[in-house]
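Below are my notes on the model, set out as numbered points. Please read them with the structure open.

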Amino acid sequence: MKYVDQINGSTKVYGLIGHPIKHTLSPIIHNTLANMLGNNMIYVPFEVPSGGLKEALVGAYQLNIQGLNVTVPYKQEVIPFLLKLEGYADQIGAVNTLKRSKDGYIGYNTDAEGLLQSLLQNDINIRGQNIMIIGAGGAARAAAMVTASQNPKQILIVNRTQEKAQELAQAVSRYYNVPVKSGSLDFIVQDFPVDVCIQTTSVGLYPREDQSPVTDETFFTQVQAAVDLIYNPSETLFLKMAKAAGCKTVNGFGMLFYQAIKAYEIWNEIIVPQNYVDLLFQSLKK
Ligand code: ATR
């Protein structure tokens, strides 16, 4: 963390807005990076109560805050207040990073890039592969768009509410020329080849650790890699079942970590050296 006695008139202020934000890891990531790289900046969490988003953004801009991360429940609500969207933000319809510009804040979605980077770091290839996405909410939308952008063979989206899976499949098809199918959760045990399965629902999240959206472990015998966007617990029942069947498994910590690295890079217009990234990743994973 940046030492308080190093803050001066040139210190750039960044932060996180959301509700609740008590358990965020973002301050430690950004403040440690700032220290490592010698950037005169500080990152502060700001709890924004419901109904207060617009005022918070106007205030942040007037206070010369250089950038913000946006978390639950404001990732969609924030969009009308932004100057423009960049990268994946528009197709996902959600923003988690704001960068100050002359005329307002610009919105990015680094969750998507964070997931991509996490897959890359774990040698999980998407190109030419059969991808299954479980879920059709905001996290699923990021996962679907980002995997579609990597030229998979096909994507299957399954969800408890089948209509939502269908809507997401249609949305993906509007942006990418990739075969996309949709189905109910029952589809999981049916005959669809799956190389990489990405679990995006809240099933298995603490304290519901005994639950998994996949209940038939034979499903995993054909799967190469299983990815769960949940990081608490670090190994969900979904990942335990996948591991037992011999799949490579990856939890959501990498996505969380790399979305922060991407945000830091956007704000500071730099590429964080890989040795710093690795050092920080190892120290936080402990
Ligand atoms: P997020 O933005 O984190 O993705 P969300 O938009 O609320 O959160 O989406 C939650 C996802 O988890 C949805 O796909 C939801 O399925 P429905 O569309 O049918 O609601 C899924 N989900 C939540 N609880 C579930 C449960 N008990 N069983 C199966 N799916 C569940």
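1. In this predicted model, strands β7 (residues 130–134) and β8 (residues 154–159) run parallel and are joined by five bridges. Within this pairing, Ile-134 has Val-158 of β8 opposite it.

2. Both strands belong to an open sheet of six strands, ordered β9-β8-β7-β10-β11-β12, with parallel pairing. The edge positions are taken by β9 (180–184) and β12 (248–250); each has a single partner strand, so one side of each lacks a neighbour in the sheet. On average, neighbouring strands here are turned by 15° against each other, direction ignored.

3. Two helices can be placed against this sheet. Helix α5 (residues 138–148) lies across β7, β8 and β10 (196–199), at about 170° to β8. Helix α7 (residues 237–244) lies across β10, β11 (225–228) and β12, and runs at about 170° to β11.

4. Is α5 enclosed or open to the outside? Ten of its eleven residues are buried, so the helix is largely enclosed by the rest of the structure. The buried residues include Ala-139, Arg-141, Met-145, Val-146 and Thr-147. Their packing partners are α3 (89–92), α4 (110–121), β7, β8, α6 (162–175) and β10. The list therefore takes in the three strands that α5 lies across, namely β7, β8 and β10, with the burial of ten residues making the enclosure of the helix plain.

5. The ligand is surrounded by 15 residues, the closest being Gly-137, Gly-138, Arg-160, Thr-161 and Thr-201. Which element gives the largest share of this shell? It is α5, with three residues. By class, the shell has five nonpolar, eight polar and two charged residues.

6. A second sheet, also open and of six strands, has the order β2-β1-β3-β5-β6-β4, and its pairing is mixed. β2 and β4 (84–85) form the edges; since each has a single partner strand, one side of each is left without a neighbour in the sheet.

7. Strand β1 (residues 12–18) is mostly covered, with five of its seven residues buried. Seven bridges link β1 to β2 (residues 41–47), and the two run parallel. Gly-15 has Val-44 as its bridge partner in β2. Between these strands the chain passes through helix α1 (residues 26–37), and the resulting β-α-β crossover is right-handed.

8. β1 also pairs with β3 (residues 67–70), in the parallel sense and over four bridges. Here Leu-16 stands opposite Asn-69 of β3.

9. Helix α8 (residues 253–268) lies across four strands of the mixed sheet: β1, β3, β5 (97–101) and β6 (104–108). What is its angle to β5? The helix runs at about 5° to β5.

Definitions and conventions:
Residues numbered from 1 in each chain as written. Predicted model: local features only at pLDDT ≥ 70, side-chain atom pairs only at ≥ 80, totals over all residues. Pairing = 2+ DSSP bridges. Axes fitted to C-alpha atoms, helices over the stretch in contact; angles between N-to-C directions. Contact = placed C-beta atoms within 7 Å. Near = placed C-beta within 6 Å. Nonpolar A, V, L, I, M, F, W, Y, C, P; charged D, E, K, R; others polar. Buried ≥ 20, exposed ≤ 12 C-beta atoms within 10 Å, placed from the backbone. Right-handed = clockwise from strand over helix to strand, strands pointing away.
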